[in-house]
Amino acid sequence: MVSRRAFLQFSGAALAMSAVNKAALAGLPELVTIDNADTQKLLYPETGRPYHPVATLNGWSLPWRMNNGVKEFHLVAEPVRREMAPGMVAHLWGYNGQSPGPTIEVVEGDRVRIFVTNRLPEITSIHWHGQRLPNGMDGVSGLTQPPIEPGKTYVYEFEAKRAGTFMYHPHADEMTQVAMGMMGMWVTHPKNPNSMKVDRDYAFLMSAYDIDPGSYTPRTNTMLEFNLWAFNSRVFPGIAPFVAKQGEKVRIRIGNLTMTNHPIHLHGHEFEVAGTGGGWVPKAARWPEVTTDVGVGQSRAIEFIANELGDWSFHCHKSHHTMNAMGHQVPNMIGVSQRGIAEQFGKLVPDYMQMGETGMAEMVDMAEMMSMPLPENTLPMMAGNGPFGALAMGGMFTTLKVRKDLPKDFYGDPGFYQQPKGTSAYEWAGALPEAPQAPVPAKETPAAVELQVKKPGHEHAGH
Ligand SMILES: [Cu+2]
């Protein structure tokens with residue numbers, strides 16, 4: 001739900017704007033906040049120049065007011081409560097009620113004024129990542145401006161000179177503030193609304209958190225061992241799907257404000273990298289891809305025609321980034337029988353997790369069947385169910401759902417794809433190859449190893 005004030009703004013923006021007098025315009029723009037992680041209705045411009053709005057995955061775009069031809073926005077840096085997936089809430093810092101902050105959408109050539117209020121317990125500032133602007137508007141605390149003290153409001157003003165995909169984030173105590181979820185997307189639409197036009201334009205930011213099972217606040221000094229890899233501060237199965245009607249042209253804008261790169265992979269379709277943080281890639285310089293690596297501080301806009309019906313995976317290809325809340329200090333237990341150990345340890349150490357005897361897939365059952373109870377406020381490492389069983393995924397994973405018919409303004413979940421008869425993988429019904437031998441019991445392993453060590457020598461001598 002959009003807050004009451006937001007609702008007024010969304011529903012009656014044009015009406016409200018015309019009724020506002022000069023005195024009201026002298027004050028701060030109305031503060032609009034959101035209290036949940038649902039994908040909000042697209043924000044179609046009722047004032048200012050026309051453009052085709054973006055859909056922010058599990059997020060929203062910030063309404064503005066026009067003041068003498070200037071687009072005015074109000075961002076508030078504040079502690080927020082973000083549901084990262086059903087069953088897990090994080091205490092983050094963000095903007096206007098959520099992390100990430102709302103997407104800011106403007107048009108190339110717009111004069112933009114952003115009021116930034118600091119409700120954090122420490123100083124902050126905002127850097128408008130990728131923009132051409134006067135040096136004093138660059139938002140680097142100490143270098144281009146004094147820090148914004150708690151309780152204070154600063155005003156940034158510049159012209160959105162270049163169309164493209166940008167980000168915003170603090171440039172004051174960044175290590176803490178970005179690790180706490182302070183970031184947002186910025187889209188500058190082309191002056192001509194019909195140039196670069198697509199049917200669906202999505203945006204999301206990648207972030208990473210280190211939140212111990214049973215706790216709520218990220219460890220902010222973590223450099224590498226994050227346990228929650230997120231699209232817009234959501235993790236699978238909490239991430240909304242991308243949807244498209246068959247044949248539609250789709251753009252997905254991705255920003256990376258984590259501490260590592262993410263090779264983003266789409267199933268079923270090839271795409272082109274049409275844009276970077278530096279602007280649009282000339283048509284002749286684009287090449288087809290199925291995975292594009294998005295480095296830290298980079299953004300990518302990928303484009304493709306969604307012409308293949310189905311539910312297509314869309315995810316980071318680092319397999320540890322499609323898992324939730326995992327401990328990395330687990331020994332490799334493949335082939336080692338550990339029946340009963342999980343239950344015994346679980347009683348002593350509530351967040352004990354072990355690697356499975358046959359791999360990690362058995363973790364799905366373990367967590368879900370509660371043979372190993374999960375501590376409070378965390379997520380199973382691998383989760384989510386599909387029409388054929390467990391997906392065993394987490395983190396940076398969602399789907400692109402392409403359907404024959406889909407209303408233009410539909411951005412919900414159309415459910416699972418019904419595969420036409422005769423187009424699905426099926427089980428072989430004929431004769432099977434010889435069954436594999438039973439694994440060697442753990443206690444016999446040392447002797448077996450000794451034998452194998454000797455054996456090659458003999459064989460070698462014999463030949
Ligand atoms: Cu990744």
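Okay, let's start with a pair of strands: β15, residues 262-266, and β21, residues 310-316, run antiparallel and are joined by three bridges. If you want a spot to click on, take H265, whose bridge partner in β21 is H315. Keep in mind as we go that this is a predicted model.

Now zoom out a bit. Those two strands belong to an open sheet of five, in the order β13-β24-β21-β15-β19, with mixed pairing. At the edges you find β13 (242-245) and β19 (291-294), and each has a single partner strand, so one side of each is left without a neighbour in the sheet. On average, neighbouring strands here are turned by 20 degrees against each other, ignoring direction.

There's another open sheet to look at, this one with four strands. Its order is β5-β10-β9-β7, and again the pairing is mixed. The edge strands are β5 (104-107) and β7 (127-129), each pairing on one side only. From one strand to the next, the twist averages 25 degrees. Over on the β7 side, β7 pairs with β9, residues 164-169, in the antiparallel sense over three bridges. W128 has Y168 in β9 as its bridge partner.

Let's walk back from β7 into the loop that connects β6 (111-118) to β7, where we meet T124. Is T124 buried or exposed? Well, T124 has 27 other C-beta atoms within 10 Å, and the cut-off for buried is 20 or more, so T124 counts as buried. Who's around T124? Setting aside neighbours within four places in sequence, the contacts are A77, N118, I148, P170, A172 and Q177. And here's a distance you can check yourselves: T124 and E174 are 50 residues apart along the chain, yet their C-alpha atoms are separated by 8.7 Å.

Last stop, the core. The largest nonpolar core has 90 residues, and the ones touching the most other members are L228, A230 and V235. Two of those names come up again in strand β12, residues 228-231: L228 and A230 are buried on one side, W229 and F231 are buried on the other, and both faces of the strand are covered.

What does L228 contact, beyond its neighbours within four places in sequence? The list is M84, A208, Y209, I211, V235, N324, A325 and G395. As for the strand itself, β12 pairs with β11, residues 200-209, in the antiparallel sense over four bridges. Across from A230 in β12 stands S207.

That's my tour, happy to take questions.

Notes
Residues numbered from 1 in each chain as written. Predicted model: local features only at pLDDT ≥ 70, side-chain atom pairs only at ≥ 80, totals over all residues. Pairing = 2+ DSSP bridges. Axes fitted to C-alpha atoms, helices over the stretch in contact; angles between N-to-C directions. Core = buried A, V, L, I, M, F, W, Y, C linked by C-beta atoms within 7 Å. Buried ≥ 20, exposed ≤ 12 C-beta atoms within 10 Å, placed from the backbone. Contact = placed C-beta atoms within 7 Å.
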